[in-house]
Amino acid sequence: MSQPAPLARDVLRLIESSRSDLPDALARIADFILKEPEATVRASMSALAELSGSGEASIARFCRRLGFDGYHEFKLSLASDIAYRSGAEARVTDLGSRISGAVRATIDGTDPDEISMVADRLRSTRTIDIFGAGVSGMVAQLFAYRFSRLGLAARGIQDPVIAEEIIHGAGPETVYMTISETGLTSQTERLLGLAGARGAYRIAVSGRQIADLRPLCETLLIATPLSPLPERGEIAPSIAKVVLCELIAEQIRAQPARPPSPIATSA
């Protein structure tokens with residue numbers, strides 16, 4: 001009788017790191033699992049195939065691609081990962097290593113040209129509205145504070161009702177930024193959609209690479225998640241996002257100031 005395979009941790013991180021190398025059919029499966037990991041654990045293979053718009057053969061191939069013998073083994077490991085993130089087990093990984101690793105990976109994985117483009121957009125816009133919920137709302141306030149100290153008209157918003165009201169006054173000369181750890185919620189999706197309909201330039205700062213998020217914004221910046229993935233309520237993932245803010249701030253400061261508007265003089 002064969003021994004059961006050991007339960008693997010960081011399954012979600014493994015999926016995320018492998019996602020860019022997957023063919024389309026397997027990438028769709030990865031995107032659904034990253035977006036709905038709990039639903040995946042409850043789903044049968046046929047149900048997951050339907051939910052992810054794939055086939056059962058693709059599900060089996062996806063599991064083997066990640067190193068699992070089958071779907072059952074994959075689900076056990078995913079359930080273990082979810083429980084681990086939720087604090088069901090004590091963490092033994094050094095906190096400093098987790099944070100420094102995420103910060104270094106965020107800096108190394110960010111395109112300097114993209115950061116420069118974002119900085120230029122922020123400098124030339126009329127207003128910058130930054131929304132986040134929960135801990136991400138606190139990070140949104142930090143982004144707004146940093147940009148305000150650089151002379152930009154930025155405000156952080158934590159109430160989705162207020163955010164929606166503000167978006168109705170947005171336009172092509174405004175920037176709407178959303179901060180999120182999980183990447184895409186129904187609330188985030190709705191607000192980004194409304195901002196796009198108003199013509200605002202949309203920037204998403206996310207802790208996960210979610211394919212469904214990309215069509216909803218003009219720029220997507222990824223703050224590398226901690227490894228192991230964070231527990232519920234853990235604020236350490238905010239640090240990598242603050243680093244992204246500082247990278248943008250550095251570029252804003254480095255770019256030459258815009259020339260002042262000409263002043264009319266009397267003859």
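Modeller: Two strands are said to pair if DSSP finds at least two bridges between them. The model discussed here is a predicted one.

Colleague: Which residue is the bridge partner of Phe131 in β3?

Modeller: Strand β1 covers residues 127–132, and strand β3 covers residues 174–180. The two strands run parallel and are joined by 6 bridges. Within this pairing, the partner of Phe131 in β3 is Thr178.

Colleague: Which residue in β2 does Asp129 stand opposite?

Modeller: Strand β1 also pairs with strand β2, which spans residues 154–157. This pairing is again in the parallel sense, over 4 bridges. In β2, the residue opposite Asp129 is Arg155.

Colleague: Is the β-α-β crossover from β1 to β2 right-handed or left-handed?

Modeller: After β1, the chain passes through helix α9, residues 135–149, before it reaches β2. The hand is judged with the strands pointing away from the viewer, and a clockwise path from the first strand over the helix to the second counts as right-handed. By this criterion, the crossover is right-handed.

Colleague: How many of the 6 residues of strand β1 are buried?

Modeller: A residue is buried when its relative accessible area is under 20%. Thr127, Asp129 and Phe131 point one way from β1, while Ile128, Ile130 and Gly132 point the other way, and all are buried. The strand is therefore largely enclosed by the rest of the structure, and the number of its residues that are buried is 6 of the 6.

Colleague: Is Met138 buried or exposed?

Modeller: Met138 lies in helix α9. Together with Val135 and Ile235, Met138 forms a nonpolar patch on the surface, with about 280 Å² of accessible area. The cut-off for an exposed residue is over 50%. Because the relative accessible area of Met138 is 53%, this residue is exposed.

Colleague: How many disulfides does a search of the whole structure find?

Modeller: A disulfide requires a pair of cysteine sulfur atoms within 2.5 Å. Cys63 is buried, at 0% relative accessible area, and Cys217 is buried as well, at 8%. The number of disulfides found in the whole structure is 0.

Colleague: What distance separates the C-alpha atoms of Leu95 and Pro228?

Modeller: Leu95 belongs to helix α7, residues 95–108, and counts as partly exposed at 46% relative accessibility. Along the chain, Leu95 and Pro228 are 133 residues apart. In space, their C-alpha atoms are separated by 10.0 Å.

Definitions and conventions:
Residues are numbered from 1 along each chain as its sequence is written. This is a predicted model: local features need pLDDT of at least 70, side-chain atom pairs count only at pLDDT 80 or more; totals for chains, interfaces and linings use all residues. Side-chain values use heavy atoms; hydrogens and water are left out. Buried means under 20% relative accessible area, exposed over 50%, partly exposed in between (1.4 Å probe, protein chains only). Patches are made of residues with over 30% relative accessible area and no salt bridge: like charges are joined within 9 Å, nonpolar side chains (Val, Leu, Ile, Met, Phe, Trp, Tyr) within 5 Å. Accessible areas come from the Shrake-Rupley method with a 1.4 Å probe; for residues, only the protein chains shown count as cover. A salt bridge is a side-chain nitrogen of Lys or Arg within 4 Å of a carboxyl oxygen of Asp or Glu.
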